[in-house]
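Subject: Structure handover and notes

Dear colleague,

Please find below the structure I promised to pass on, with its sequence. My notes on what was found in it follow directly after.

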Amino acid sequence: MNPNGAIIVQSNMEIMVEVDAPTYEAARDAIAPFTELVKSPEHLHTYKISPLSLWNAAATGLRAKEVLERLDSQSRYPIPQTVITEVEDYMSRYGLLRMKKDDGNNLIVESDDKFMFTEICKLKDVEPYIVEFIDDTHAIVDPERRGHLKMALTNAGFPVEDLAGYTVGDPLPIKLRDIMLSGKEFKLRDYQKEAAQVFYASGSEKGGSGVIVLPCGSGKTVIGIATMALIQTKTLILTPNISASRQWIREICDKTDLTPDMVKEYSGEVKEIGPVTVATYQILTQRKRAKKAGDENSEIDLEGVSEEEVKKELANFPLFSQQKWGLMIYDEVHLLPAPVFRLSTEMQATRRLGLTATLVREDHKETEVFSLIGPKKYDIPWRILEAQGWIATADCNEIRIPMEADLKMKYALAPVRDKITLASTNPEKTDIVQRLLKHFSAPEDRVLIIGQYIDQLENLSATLDIPLITGKTPNKDRDRLYAAFRDGSLKNLMISKVGNFAIDLPDANVLIQISGTFGSRQEEAQRLGRVLRPKSDGGAAHFYSIVTQDSKEQEFAMNRQLFLTEQGYAYKIIKRGDWDILCRTPEELAARK
């Protein structure tokens, strides 16, 4: 028994972590690589160990012995035997099955355990992909179904380690610059270099597919570029939107010797293919019929549709199939739409790099990311990068506001979905935004206001005379507003959920969230990430989420905060009695010190 232990490991694979324990931070960091935070009330947080969290840990090189040692060193009580057994069993399964090429270039799956091998290969979801058995521990599988088999095996509880290697894409010499086009020195940070090298694995079959998990603002784009320079091949980069695509193009041209005519955009506005092509997820999921109708944003409905029909229906599928890509980069891989998952089952012979701040998906398709893009290969806790100065120090605040009597009655009588909208669009939020804008009015402050409901944003934009960017804002207008915000001629900017990801606004130091997508943890992480880039003046970042008290919105806010709590961020709750601190100007605050 360890009286100083901050965790209690339970037989149902849950871990209780005491926040007030003196060893809390050490315990949290010790278990983070193989757990997921489930809930985080004030004093006792609950983490869960799952098969997928253990397999992702195993893929990074962590072993069952190390996991159990970490649990034992931090636990107040002995670890239940069932947990020891489950950790050893699940972690031993990763690599128990291996996918390779034999001397005849056949794709085979193999194992050292003939009894287990025979049993798994006879499973109804696995058997269709087995072409023939070579012996008791080796079978030839359909190379066109490499991704399907990996998915079936993972779902069966036996993830296969893919060591079959990759096709060689068309060569593309790429050299990183020492001096960027801006005239500043360019040098990879140690963790960026390490992440790229871990993925590449010296070109061996042990590398080449997987996900890098790092916070927004830490330079994931640079890691992608460093990986391109290691592999030296024709590359397809997939992004969430046109703004993100153009940011990638700017970064590639700024940090490599590739010229603009070699880095092309493939989107709803521009359809060009080059040695490096940057495309949006939307354009890849565009239906042929929608294209004829002029609807650039319509995605195919996959319900009851076969894979061959999906490929025939996708207008831009040839971008995948008719080019000899040697590397595919999935930016914000946690946002992958279902049709791109389908296409990714066909791309298993191509190196695949996923980049994300969080592997959490609200549709619970983390298993598909693991199987089809690859396991987690590298991550660093956010607070470590903060301590090293690579991302800004951040304080997170939740401002709770009441409902006035009329709204409270409407809320009481409304159906559940309308309750969410009523709480999220509470008119009292306008007053809080005004207080925050007054509070952060110093010359160096750059304030982003972000929300989910367009009507709410439009009304607030008109009231406060702050420009608004939504999905309908033309890209040239978006670029103009982003540029004005970057150069300081525009101090405050309002954005809809199009600003959740992949926009580079390095000097934004305050984010005010007035509404969000229900209880989305990954959205909360993305939004904080908008202000985490290191500030030119070394200042901190400030994140404010305005929430209606005693409402569905407050319930969702508790879930949204889970991921950031897991990363070590504590939310300060600000209620009506504390609102006066939001009224003081920076000068008034300075005078008080």
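In this predicted model, the side chain of Lys419 reaches the backbone oxygen of Tyr411 at a distance of 2.6 Å. Lys419 belongs to helix H18, which covers residues 416–424, and, leaving aside residues up to four places away in sequence, Lys419 touches Tyr411, Ala412, Ala414 and Lys552. How far away is the nearest side chain of opposite charge? That side chain is Glu555, at 9.5 Å, and Lys419 has no salt bridge although it is buried.

A second lysine, Lys48, also has a side chain that reaches a backbone oxygen, in this case that of Asn12 at 2.9 Å. Lys48 is found in strand S4, residues 44–48, and with a relative accessible area of 30% it is classed as partly exposed, because that class lies between the 20% limit for buried residues and the 50% limit for exposed ones. Apart from residues up to four places away in sequence, Lys48 touches Asn12, Met13, Glu14, Thr35, Glu36, Val38 and Ser53. Should you want a long-range distance for reference, the C-alpha atoms of Lys48 and Phe556 are separated by 20 Å, with these positions 508 residues apart along the chain.

Turning to the sheets, five strands form an open sheet with mixed pairing, in the order S7-S8-S6-S5-S9. Its edges are strand S7 (130–135) and strand S9 (160–162), each of which pairs on one side only, and the twist from one strand to the next averages 30°. Within this sheet, strand S5 (residues 97–101) and S9 run parallel and are joined by three bridges, and Arg98 stands opposite Glu161 in S9.

Another open sheet is made of seven strands in parallel pairing, and their order is S12-S13-S11-S14-S15-S10-S16. Strand S12 (263–266) and strand S16 (376–379) are at the edges with a single partner strand each, so one side of each is left without a neighbour in the sheet. Here the twist averages 20° from one strand to the next. Strand S10 (residues 209–213) pairs with strand S15 (residues 351–356) in the parallel sense over five bridges, with Gly210 opposite Leu353 in S15. Helix H15 (residues 366–373) packs on this sheet, where it touches S10, strand S14 (327–331) and S15, and the direction of H15 makes about 130° with that of S10.

Finally, is strand S22 mostly covered or mostly open, and how many of its residues are buried? Strand S22 (residues 541–548) is mostly covered, since eight of its eight residues are buried. In a regular strand the side chains alternate between the two faces of the sheet. In S22 both faces are covered: Ala541, Phe543, Ser545 and Val547 are buried on one side, and His542, Tyr544, Ile546 and Thr548 are buried on the other. S22 pairs in the parallel sense with strand S17 (residues 394–401) over eight bridges, and there Ala394 stands opposite Ala541. Strand S21 (residues 510–513) likewise pairs with S22 in the parallel sense, over four bridges, and the bridge partner of Val510 in S22 is His542.

With best regards

Key. Residues are numbered from 1 along each chain as its sequence is written. This is a predicted model: local features need pLDDT of at least 70, side-chain atom pairs count only at pLDDT 80 or more; totals for chains, interfaces and linings use all residues. Side-chain values use heavy atoms; hydrogens and water are left out. Helices (H or I, at least four residues) and strands (E, at least two) are DSSP runs, numbered from the N terminus. Buried means under 20% relative accessible area, exposed over 50%, partly exposed in between (1.4 Å probe, protein chains only). Lys and Arg count as positive and Asp and Glu as negative; His and the chain ends are not counted. A salt bridge is a side-chain nitrogen of Lys or Arg within 4 Å of a carboxyl oxygen of Asp or Glu. A polar contact is a pair of N or O atoms within 3.5 Å; within protein, one must be able to donate a hydrogen and the other to accept it, and residues adjacent in sequence count only if both atoms are side-chain atoms. Contact means heavy atoms within 4.5 Å. Two strands pair if DSSP finds at least two bridges between them. Axes are lines fitted to C-alpha atoms, for helices over the stretch in contact, and angles run from 0 to 180 degrees between N-to-C directions.
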